[in-house]
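Visitor: I would be grateful for a close look at a single part of this structure. Please explain how that part is built and what lies around it.

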Amino acid sequence: MSMKKGDKESNQSAAGRRKFLGSAAAGTAGATLAFPMIANAQTPKQMRFQSTWPSKDIFHEYALDFAKKVNDMTGGELKIEVLPAGAVVPAFGLLDAVSKGTLDGGHGVMGYNYGKQSAIALWTSGPAFGMDANMVLAWHKYGGGKQLLAELYNGIGANVVSFLTGPMPTQPLGWFKKPISKVEDLKGMKFRTNGLAIDLFTAMGAAVNALPGGEIVPAMDRGLLDGAEFNNASSDRLLGFPDVSKICMLQSFHQSSETFEITFNKTKYDALPAKMKSVIENAVEAASSDMSWKAVDRYSKDYRDMQAKDGVKFYKTPDAILQQQLAIWDQVVAKKGADNPLFKKVEASMRAFAERAMKWDMDTNNPRRMAYNHYFGRKAPPPKKA
């Protein structure tokens with residue numbers, strides 16, 4: 001059979017293509033891998049997160065803010081979806097769910113995992129030797145805290161990668177039926193808190209019940225709690241505390257320097273490309289700064305509005321109670337560290353950093369109340385002319 005010129009050229013062209021693909025397969029395995037890699041790059045990687053917060057809480061908003069930063073910074077290559085507390089597991093079940101891979105990650109606080117290893121709560125509970133939350137984050141990143149936390153999680157078999165973020169302001173002593181004027185007022189009180197603050201308030205005489213954020217106000221409404229603390233003006237207002245109490249006591253050492261924790265399942269995190277891990281690490285710190293700025297704006301507005309619109313009265317916790325907290329805290333940590341070497345190791349690391357950082361901080365920064373009183377305090381009326 002004779003072959004036309006066009007058919008011959010067509011067959012030669014097809015043969016050429018087969019020869020190129022064949023030689024690529026035989027000689028350069030990397031070339032054959034390039035084809036599916038292109039397809040994968042076009043398919044966004046999905047991660048399902050859960051927070052430990054109700055969807056209406058500003059804390060869940062912080063979780064969404066972090067996810068948006070990652071999603072935007074990766075150009076859509078990684079898409080994190082954040083569900084509210086209870087969507088997959090209860091709030092206190094987040095660490096286990098992330099560790100097992102039931103969830104790819106989560107947004108919560110370390111204090112909710114206090115029962116697994118009491119040293120966890122040193123990052124979230126207590127006076128932190130006077131440091132604020134931003135200083136605790138400094139210790140965590142530059143003073144050895146991060147390495148200690150990795151050791152801690154490895155010790156309890158948690159298959160997670162942890163990032164601390166979002167420095168919280170000092171949390172109120174709590175919401176009560178009447179002002180708390182002395183330590184004795186707490187004796188026998190049915191009270192909600194979490195972390196090592198459970199041990200602190202128990203030692204102060206309260207009957208403590210650790211509840212997740214979304215369950216506190218309903219419990220107070222039903223009389224199951226006489227008092228409770230959660231976190232801040234915006235969260236407390238959104239969760240409905242002013243509906244069940246009109247008295248809030250400000251300042252306390254039980255949780256004066258807490259931060260948020262973002263966790264990833266370690267197996268899934270380790271499988272991510274180095275570039276994507278770098279984006280996540282930087283998004284954590286960007287979200288941390290953004291959260292602290294947003295908190296100043298939102299908390300101050302809700303603090304003002306709860307007084308002006310909700311009829312809430314705020315009182316400063318008496319110094320005698322604060323001093324008692326410090327004294328009892330020393331007893332709590334001494335007892336916890338007696339048979340827990342890692343607890344003592346974490347506490348010693350934090351103490352050493354705090355001694356140096358606190359002296360610098362107090363010697364360097366101005367007394368803010370002096371400036372506030374100068375500009376906004378009530379000024380004495382001018383003397384009357386004789």
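Guide: In this predicted model, helix α15 covers residues 368-376 and contains Tyr-372. Tyr-372 has a relative accessible area of 48%. This residue therefore counts as partly exposed, because that class lies between the limit of under 20% for buried residues and that of over 50% for exposed ones. Together with Tyr-375 and Phe-376, Tyr-372 makes a nonpolar surface patch of about 430 Å².

The sheet may be described next. Strands of a sheet pair through backbone hydrogen bonds, and the pairing is either parallel or antiparallel. Here, five strands form an open sheet with mixed pairing, in the order β2-β1-β3-β10-β4. Its edges are β2, residues 78-83, and β4, residues 160-167, each of which pairs on one side only. On average, neighbouring strands of this sheet are turned by 20° against each other, with direction ignored.

At the β4 edge, the partner is strand β10, residues 259-265. The two strands run antiparallel and are joined by seven bridges. Within β10, Thr-259 is the residue that stands opposite Pro-167. Helix α5, residues 133-142, packs on the sheet and touches both β4 and β10. The direction of helix α5 makes about 150° with that of β4.

A further helix, α3, spans residues 58-73 and lies across β1 (45-51), β2, β3 (105-108) and β10. Helix α3 runs at about 170° to β2. Strand β10 is thus touched by helix α5 and also has helix α3 lying across it.

Key. Residues numbered from 1 in each chain as written. Predicted model: local features only at pLDDT ≥ 70, side-chain atom pairs only at ≥ 80, totals over all residues. Heavy atoms only, no water. Patch = residues over 30% accessible without salt bridge, like charges linked within 9 Å, V, L, I, M, F, W, Y side chains within 5 Å. Areas by Shrake-Rupley, 256 points an atom, 1.4 Å probe, with all protein chains shown as cover. Salt bridge = Lys/Arg side-chain N within 4 Å of Asp/Glu carboxyl O. Helix = DSSP H or I, 4+ residues; strand = E, 2+ residues; numbered from the N terminus. Buried < 20%, exposed > 50% of the residue type's maximum accessible area, 1.4 Å probe, protein only. Pairing = 2+ DSSP bridges. Axes fitted to C-alpha atoms, helices over the stretch in contact; angles between N-to-C directions. Contact = heavy atoms within 4.5 Å.
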